Structure formats: C-alpha cells, structure tokens
Amino acid sequence: MELGLVAGHDYPDTYREFVEMFPDNTACEAYLMRIRWPKGFICPACKTCSTPWNESRGRIACPSCRHQTSISAGTIFDKTRTELTTWFEAAWHVTTAKNGMSAKTLERTLGVNYRVAWTMLQRFRVSMVNVERNALTGEVEVDETLVGGVQQGGKRGRGVSKSIVVIAVEIQQPKGFGRVRMRHVADASGASLLPFILDVVAPNAVVLTDGWGGYNCLFKHGYIHKINVLASSGDPAHVSMPGVHRVASLLKRWILGTHQGAIVPAHLQSYLEEFTFRFNRRTSNSRGLVFRRLLEQAVATKPVTETDVTHGYEWNIS
Ligand SMILES: [Zn+2]
C-alpha cells in the first residue's frame with residue numbers, strides 16, 4: 001500500500017484520517033509531491049522525468065542535471081515560513097467547515113497569529129479561482145447585486161458603502177441551480193458587465209437579464225438574450241431572477257455571518273472566489289475530495305506576493 005493511502009483513495013474522509021495521513025511535514029511534502037507530479041517529477045530546468053534525490057527540508061535535486069528545487073517552489077507555498085502541517089490543517093478546515101472560516105476563527109483554531117491565518121486564506125482564495133475555468137452553459141441568469149456591510153476603512157456603519165457584484169447562475173430545469181460565477185465591478189455599465197459575461201458564459205448560451213441597457217448587444221456576441229422586462233420595472237421581490245436572488249442572499253449571509261461583514265473592497269473579489277468555490281461544490285459527497293482539489297490547485301498556482309496579500313490580489317480575470 002502506498003504511504004498515506006487511505007481506503008483506496010488518496011485523500012482523507014474524516015478528521016481522524018486526516019491526522020493519520022499527515023502526522024508531520026514529511027508526510028505533507030510526500031503528498032504535495034504526488035499531486036504536483038502525479039506521473040513523476042519533471043525537472044523544471046532540463047524537463048527530464050525522473051525520481052529526484054531528496055535533500056533536506058523539502059529540497060529535491062534532479063539526478064540528470066543536478067538542478068535543485070523544492071516541492072513548494074513556484075506554488076502558493078513558495079518561501080513560506082509556515083509549516084506545511086499548518087497549511088494542510090488550514091486547507092482541511094477551509095474545505096470541511098460548512099461555511100468556511102474567517103481569519104479570526106482560523107487564528108484561534110490553529111493557534112497561529114492573525115497574519116499567518118490571513119495569509120494562508122488569501123493564498124488559498126487565489127488558487128480557488130483557477131478551478132473555475134469552464135464557461136457556464138444552458139440558461140444563465142445574470143444580474144447585479146449590491147453587497148453592503150463592506151467596510152471602507154472605518155468602523156461598521158460609518159463610511160460604509162455598497163459594492164456592486166455581478167452574478168451569473170446556471171438555471172436548471174425543472175428547478176434548481178447549477179454553477180455560479182461572480183465579479184466585483186466598478187459600475188454597472190456595459191463596459192464592466194460585458195467582459196464578465198464574455199469570460200464566464202459560453203457562446204450560444206441563453207442569457208437572462210433585466211432590461212438594463214448595460215446588457216444590450218449580447219446578441220452580437222453569439223448569445224441568445226432573453227430580457228425580463230418585469231425585473232427592470234423595479235419589482236421589489238425580484239422573483240423574476242430567482243437564481244441570482246437566491247445566490248446573492250446566500251452570499252450576503254455568508255459575508256455577514258462567517259466574516260462579520262469585515263471585508264474591505266480591495267479584498268472583496270477574493271471572498272467572491274471562495275464563495276464560488278464553495279457554492280459550486282455544495283453537492284460534493286466527499287469533503288476530503290474538495291480538500292484534495294484545493295491542494296491540487298495550490299500547487300498549480302503561481303506564488304502570491306505579500307503585496308497581493310496585503311492590498312488585494314490583481315485579478316487578471318480575462
Ligand atoms: Zn534536470
């Protein structure tokens with residue numbers, strides 16, 4: 001049996017299995033090695049596939065060209081002073097807790113300082129966006145919503161303004177929702193809304209919007225555009241866009257509940273990425289599999305700088 005392989009699949013199902021699988025940094029390194037190079041180590045210098053020499057502390061060397069690298073180099077774990085066991089524990093809690101965790105809760109749960117907890121969460125959020133690559137298809141509702149309670153530097157309730165988030169939701173027949181995408185936009189102009197739709201909705205999809213002018217000319221881009229005139233008439237219940245309405249209320253509840261509304265606009269997009277990652281995996285039977293997916297993304301994502309962590313990640317979304 002391969003080291004750490006539990007019950008025939010390479011991820012833990014329960015916290016007990018998690019603890020058994022990852023007792024120390026060596027076990028975490030071996031796991032990252034398996035998921036980063038599932039078909040064997042490929043040397044970044046000479047591209048030879050081989051079994052690398054193990055040096056100390058996660059360092060590895062290519063037997064062909066002697067190039068030295070590390071398992072975490074070029075990933076979100078690059079140059080971290082935080083132990084891999086702590087990163088793994090954070091990934092476990094983020095993916096298995098029903099509503100995720102705030103940096104404050106993670107700080108208490110792991111017994112690390114707030115900065116470490118915040119940094120890990122931000123880096124994981126950046127890696128989450130990379131999972132969401134396949135365009136939405138079928139019938140897709142698109143609408144903007146105002147996310148309030150987002151701080152503008154001051155205390156809650158003072159200087160608080162709302163941020164515009166545009167949401168796209170797949171509508172399933174006869175009922176239910178598929179996947180979502182969302183983006184924090186500067187305004188509700190066509191110049192802000194159209195690039196989002198082009199990025200996240202497949203051509204030939206049916207796009208349902210209200211009568212807002214920002215959504216004009218969708219048909220020019222190969223979409224079947226259905227306009228719900230009722231929604232633009234100021235319908236307060238907003239039932240004409242049930243998908244977006246439902247997702248928006250879950251998003252707002254999550255921001256106010258799990259995160260206590262303490263989100264600055266510069267970081268709003270990263271929270272939207274986490275919400276999207278969670279929402280699109282809400283029906284997954286195995287939280288352990290979601291944990292593994294997050295780590296797979298983490299080793300496939302380029303390092304995130306301290307500036308990104310502090311001032312907000314530069315999302316190159318398109
Ligand atoms: Zn090499």
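The protein chain exposes about 15,700 Å² of accessible surface, 53% of it from carbon and sulfur atoms (Shrake-Rupley, 1.4 Å probe, with only the protein chains shown counting as cover for residues). Heads-up: this is a predicted model, where local features need pLDDT of at least 70, side-chain atom pairs need 80 or more, and totals for chains, interfaces and linings use all residues. Residues count from 1 along each chain as its sequence is written, and side-chain values use heavy atoms, with hydrogens and water left out.

**Exercise 1.** Work out which residues donate to the zinc ion, and what geometry they give.

*Solution.*
- Start with the donors (N, O and S atoms within 2.8 Å of the metal, or 3.2 Å for Na, K and Ca; water is not among the atoms, so sites may look incomplete). The protein supplies SG of C43, C46, C62 and C65, lying 2.3 Å from the ion.
- Next, check the angles: they run from 108 to 111°, so the site is tetrahedral (four donors, all angles between 85 and 135 degrees).
- Now read the spacing, which is C-x2-C-x15-C-x2-C.
- Finally, place two of them: C46 sits in the loop between strand 1 (41–42) and strand 2 (49–50), C62 in the loop between strand 4 (59–61) and strand 5 (68–70), so the pair ties together parts 16 residues apart in sequence (strands are DSSP E runs of at least two residues, numbered from the N terminus).

**Exercise 2.** Decide whether C46 and C62 are buried or exposed.

*Solution.*
- Take the cut-offs: buried is under 20% relative accessible area, exposed over 50%, partly exposed in between (1.4 Å probe, protein chains only).
- C46, at 29%, is partly exposed.
- C62, at 0%, is buried.

Note on methods: Four donors count as tetrahedral if all angles lie between 85 and 135 degrees; four count as square planar and six as octahedral if opposite donors are over 155 degrees apart and all others between 65 and 115; anything else is irregular. Helices (H or I, at least four residues) and strands (E, at least two) are DSSP runs, numbered from the N terminus.
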